[in-house]
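Here's a stroll through some local details of a protein chain. Keep the viewer open and follow along.

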Amino acid sequence: MANLSLSVAPGYYLEAQQANWVLSSEVDFISFALNGAQPALSKYIAYDTLTPANPFIAVTEDGNGRVVYDGGFPKFYNSAAPTAGLDPLFSLEFRGTKDSPGADGNAYYYDLFSTVAVTIAAGDKLVYDIWCNSPDARVGVDGITNTTIINGPPFLYSLRDWKQQGSVLKDQNNISIHPASDHSAYSANKWYHREFDLTQCAGATFVKWSLAYEGETNGVFYTRFKEVYILDSTGKVKATLFKDRITIPSGTPNYPGASGYSDISTSIYDPRKNLSAAFKYLFNAIRWVSKKSMEDAGIKKILILGDATPASAVNYRVKGTGAGDFFTSLTNLCTAVGFTPTFKDASDYAGGVKLNATLAEMNQYNCVLVMSSLSTGADSITTSMIQDILTYRQQGGGVILITDHGPVINDISGAYPTPTGANCFFTTANAIAVNFGAWFSGTFDRVPVNVGFLRANYGDHPLYEGMTDAEDIAAGFSESKVMITNPTQYRPPIAPVTISKQGVNTLRAMVQLKDGTMEAYSFVYVIASGQLILFKDGEGTEISALPTSLSSKVDFDATLVGAGLGTLVGDIQLNGVTVAQLAFTDAEDSSSAWIGGGSNQLFVKKGDVFKARITSPFSYTRDLPVNRLVPTLTNLRKLPDVVKELRSNGFSTSKPKETVLDAVNYMTREFPALGYTPKGDYARDIAQLQGFWSTEPTKPDQGVYIYQTLTQAQEAMGRLSPPTPQQVFNTWDRFFTNEYFVGGVGATGDAASWAWNDSLGAAVQSVNSATWNGFISPDVVDSYELDVVIKSDNADDDTNGIILAFNRANGVNHRLILALNQGGNAPAASHSIGLYSTTTQHLVLNDFAGRMSNAAFPTDGGWRGKFSRVKVTRSGNYFKVLASQWNSLILDPASLMELTLDDTALQAQFKGPKPWGFINYSQSQSYFTLRSYKGGPLKDVVVVAATGAVYFYGKSGWELIVGTTAKDVFGYPRKLTNPETGASFMVNANGTITAL
């Protein structure tokens, strides 16, 4: 539960709102700003020695990503670059000389390095990495328990001799944990990762940990250890024995002591030892701001951005190698830190003059360093990037801002936009810093500052780690100072806040809990204008409520409207369960990704509510209730009454006869989406109608990647990803006339003329074909929704279309086609759409012929770059088609065509599951752009049957949808079949999933 919320939900309101603060008992104080910068807690950590002293390094640390502000970049020039190729690994260095046989001919040395107490549980592991300078080294890690020493069996005192289950502990290569074991094939002059399963030690508490030599060959040995952990059964760190810093216990060697070794030492290798104080400080800054969750996942990457480009400056460039640039120095430093740098300047983004890193880009990195070094004072960062870097910090990403001198700015209100002109370096830095309550100002001839002086006068800080008091942080004379402001803090109770400004209002708050933890919140309220979430129906028309419907399905989508707000991230929930992901960027506009394939793949009941949410960088919601009419249907006599109820609610204007049979026929005729034809078996017909209106109607089988165990699912996710449109096209069957080519292999004639075009993102028919030709989906379905734009850049007037259903029988390709043309062939009406079977070119339906407007086009009947959007929905034997006018993406309700397959041989052949596809005739330069497809096996969802967990393939790859289960996504009872393995499972009412 959140520690802060408001009595008025974030969202859209027609008039001003007064919101009360809702705080948990854990809240100590809050700071907030309405339509101002996010409150942040900052402090100065370094002042120069001028009179008066000026702060030149400050930090922000408030529960979000950390920020470091530095007012002088000359100390990081390439001319002062660290040595290239420094080893970045903090490690324990264990040295010893084997120079005598030892007591009783047994030489050994055990040196205590940690006293962390760890009680072992089943599944725990000891893991570490080791590097040895000699193949003769016999060395390892040992632990001893807090029990009395047992000198005989079962040897339950030390890891090296543990034999609880009759065998010694061994690593993944079957090498004993005992330090006397030989692992030189893996560890001599290279790093070797070792893992030991400690399950047989479960219940024992180990209290002393040693590095140990047990070799009998004389020599001088040097061994390094890194990342010594105890992991739990899930792979999470249970105890850290050594990572990068440790206080090594002093005193005598650990049990059993020393014999035959001399010159023993244990120390820590610190990669900072070869850096100057300035680069030690920046080394520490990178590690201090780095997003730790990414480091725990093995990711160590930094994005280094500079506003100075080769076109705008001759010095101070992050990608420059001159003495006054930064590429060499920052590259070598990142090597020492162990981070992989990516360098970009303004020229790497569209337009070439402004930095425009997106949230998606920054999220690939642990931290972002911005070198604000363009001296002209020009505005060199986009509003979108400013918003995204704020969101990036809100999500835990670290930021380092480094700049130099400029004009005196006395107040944060004048810091950005910064006064322009020569020798103003900090415009870009201030554009970001003001959002954290900080800014850079002025010009100061700073000289090197002593680290001991800083510690003595202003206190120690993690940014000074690895430095001695005798070291000096370099300076470059003309530099700026950094200024910070801290917000007012309020303790509960807190007066309500009034939100009245018309348009978008952002309420930002920072909470400090009683345990010292900091939390950040952001809420958006729109008053009277500027809705940020729009709902649109299946035809693309904006709606504020779902229309009253008989169906158990709805067809809508949600879009985010966020121009100038940076990257927006959100979701759609159905009754509190996540069913779709939402996103918005200025570059890509709004996008939605439905976890179950689409809103119309979900089953809804009366009273359900969809909630669209923006969750980052602020909170904002909008509800869409489900308005489903569910008539009462209890027996045969009530069916005519049901018909009357439907008519009274506006679903029909006709009046059926008051007989059961006529009523059933009326329902079938008026509501073809019911998907069946009455046979005169009234009880069965009534049961089907009851099922249609029931709370949990019968649901069709669904193909999805479902696996019994998490391990199986993880293995699958490691190799599976949704195919790209080009990969899809490359695997589809092709045809022309009655020829057919499985997977497109060996295609000839007009079937071979289709080719993928990367710039269009579509397959293009390049020739003026003489045959009906196209390609066929591998999905064999009797229910789908297809939304596609059909276009030709050629002036010809012939046909492109969609194969609604395909049936190949006895060497003949039978096709039920939705055809668009400019009058060149049947259906002959210009700019028309028709439905017909191509066995005999029989016209089945041509309701829209002649209705599409031709006023805006020449009358010569050519495509000439025209396009039309078409949406096809199939439900069993029922087809529904909507189209746009030419050169429009808005579906025209007047274009509606509906077809229910009859029992004639011509139409009946398309009943049941069939493939669909695209078709072309005598129209070159034609292509189809797929807007969306819902049907067939889901390629972007993985389900774990054992737990019901659902994984979805989003922009960052496979991710667990927290709080959402297979029951939530697919409903119940629902049969799920894995298209890869053929295994089938049933989703049950209680949420469990049973293998069939």
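What follows covers a helix, a strand, a buried aspartate, some salt bridges and a few backbone oddities. One thing to keep in mind is that this is a predicted model.

**A helix with a buried side**

Let's begin with helix α8, residues 451-458, where V451, G452, L454 and R455 are buried. Looking down the axis of α8, you'd see these buried residues fall within an arc of 160 degrees, so they line one face of the helix. The general rule behind this is that an α-helix has 3.6 residues a turn, so residues three or four places apart point the same way. What sits over the buried residues of α8? The cover includes β6, β25 (449-450) and β26 (472-473).

Both ends of α8 are worth a click. At the N-terminal end, N450 acts as the cap, with a side-chain oxygen 2.9 Å from the backbone nitrogen of G452. Just past α8 comes G459, which has a positive phi of about 95 degrees.

**A strand with two faces**

Now go to β33, residues 556-560. F556, A558 and L560 make up its covered face, while D557 and T559 are on the uncovered one. That fits the usual pattern, as side chains in a regular strand alternate between the two faces of the sheet. The partner here is β31 (residues 533-537), which pairs with β33 in the antiparallel sense over 5 bridges. If you want one bridge to look up, D537 partners F556 in β33.

**An aspartate tucked into a loop**

D325 lies in the loop between β20 (301-306) and α4 (327-337). Is D325 buried or exposed? Its relative accessibility is 0%, so D325 counts as buried. The side chain of D325 reaches the backbone nitrogen of Y316 at 3.0 Å. Beyond its neighbours within four places in sequence, D325 also touches other residues, including F76, Y77, N78 and R317.

**Salt bridges**

Side chains of opposite charge can pair when their charged atoms come close. Across the whole structure there are 33 salt bridges, and here are three of them.

| Pair | N to O distance |
|---|---|
| D171 and R194 | 2.9 Å |
| R446 and E479 | 2.7 Å |
| D623 and K611 | 2.7 Å |

D171 is in the loop between β13 (139-145) and α1 (184-187) and R194 is in strand β14, so their salt bridge ties together parts 23 residues apart in sequence. Both D171 and R194 are buried. R446 in β24 and E479 in β27 tie together parts 33 residues apart, and R446 and E479 are buried too. The D623 and K611 pair links β38 to β37, parts that are 12 residues apart. Here D623 is partly exposed at 36% relative accessible area, and K611 is partly exposed at 28%. There's also a network in which salt bridges with shared partners join D555, E785, K871 and K934.

**Backbone oddities**

Most residues other than glycine have a negative phi, and most peptide bonds are trans. With that in mind, check E227 in strand β16, residues 219-231, where phi is positive at about 50 degrees. N575 also has a positive phi, near 55 degrees, and is found in the loop between β34 (568-574) and β35 (577-585).

Which peptide bonds are cis? One joins T51 and P52, with omega about -5 degrees, and P52 is in the loop between β6 (42-47) and β7 (55-60). Another runs from Y416 to P417, with omega near 0 degrees; P417 is in the loop between β23 (398-402) and α7 (427-433).

Methods
Residues numbered from 1 in each chain as written. Predicted model: local features only at pLDDT ≥ 70, side-chain atom pairs only at ≥ 80, totals over all residues. Heavy atoms only, no water. Buried < 20%, exposed > 50% of the residue type's maximum accessible area, 1.4 Å probe, protein only. Helix = DSSP H or I, 4+ residues; strand = E, 2+ residues; numbered from the N terminus. Pairing = 2+ DSSP bridges. Arc of directions from axis to C-beta. Contact = heavy atoms within 4.5 Å. Polar contact = N/O pair within 3.5 Å; in protein donor to acceptor, adjacent residues only side chain to side chain. Salt bridge = Lys/Arg side-chain N within 4 Å of Asp/Glu carboxyl O.
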